[in-house]
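Reader: I would like to go through the aromatic rings in a structure. Please show it and start with a term I will need.

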Amino acid sequence: MVGEITDESRIDEKGRTRWQLNERIGDQLGRLGDYLVIGGYEESHTTVYKRLSYTISRWPESLETLRHEGRLKQLPSVGPTIQALLTELVDTGTCAKWEEWKTRVPESVLDLRDIPGLGAKMVRALYQEFGIDSLPKLRAAVDEGWLTKIPGLGPKTVTSIRRHLDARERGEVGDVGGV
């Protein structure tokens, strides 16, 4: 990708320029932060990904342009390590950190994080303490009725999870995507 600039932009409802690549990489950084938390990475070390996710998705210039011109380090909170990660994401669509962690933690855990009411910390508990690493395993836990015995998951949340899974099975809720 280094060379010709190919990123496309659009104007949002507030008249701001939004770049497709920035939105995609912003989403990837948010997912990476959650993925690391779910896998057991120290949560305080992932906050930079969430902050940067928001900043990048709204940045007025394309990351591809910043990469091409060697200006990624001008973004807030971007030091050499994050600059290298962003370079990988712009150039290849993935990064070494993601590739390393997917050998430790199944990517399917991120499907759980996309369910309303389940954040990264709860998904981490479901995965690490109960072995729930996919939607089919979550469905089995809901159907067997033992999900309500997990601290932090009350009846309303379990009902919400059930509704989401039902809607997904009917095709009313789609896949979110990955890194």
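Author: A charge sits over a ring if NZ of Lys or CZ of Arg is within 6 Å of the ring centre and within 35 degrees of the ring normal. The model shown here is predicted.

Reader: Which residue has its charged end over the ring of W101?

Author: The distance to the centre of the W101 ring is 4.3 Å. The residue whose charged end sits there is R104.

Reader: How many aromatic pairs does a search of the whole structure find?

Author: Ring centres must lie within 6.5 Å to count as a pair. With the whole structure searched, the number of aromatic pairs is three.

Reader: Is the pair of Y41 and W101 stacked, tilted or edge-to-face?

Author: The two ring centres are 5.5 Å apart, and the planes meet at 85°. Planes over 60 degrees apart fall in one class, so the pair of Y41 and W101 is edge-to-face.

Reader: How many residues apart in sequence are the parts that this pair ties together?

Author: Y41 lies in the loop between α1 (20-39) and α2 (47-57), while W101 belongs to helix α5 (residues 96-101). The pair therefore ties together parts whose separation in sequence is 60 residues.

Reader: Is W101 buried or exposed?

Author: The relative accessible area of W101 is 6%. The cut-off for one class is under 20%, so W101 is buried.

Reader: What is the angle between the planes of F130 and W146?

Author: F130 lies in helix α7 (residues 120-130), and W146 in the loop between α8 (135-144) and α9 (155-169). Their rings form a tilted pair, 5.8 Å centre to centre, with an angle between the planes of 45°.

Terms used. Residues numbered from 1 in each chain as written. Predicted model: local features only at pLDDT ≥ 70, side-chain atom pairs only at ≥ 80, totals over all residues. Heavy atoms only, no water. Phe/Tyr/Trp six-rings, centres within 6.5 Å; stacked < 30°, edge-to-face > 60°. Helix = DSSP H or I, 4+ residues; strand = E, 2+ residues; numbered from the N terminus. Buried < 20%, exposed > 50% of the residue type's maximum accessible area, 1.4 Å probe, protein only.
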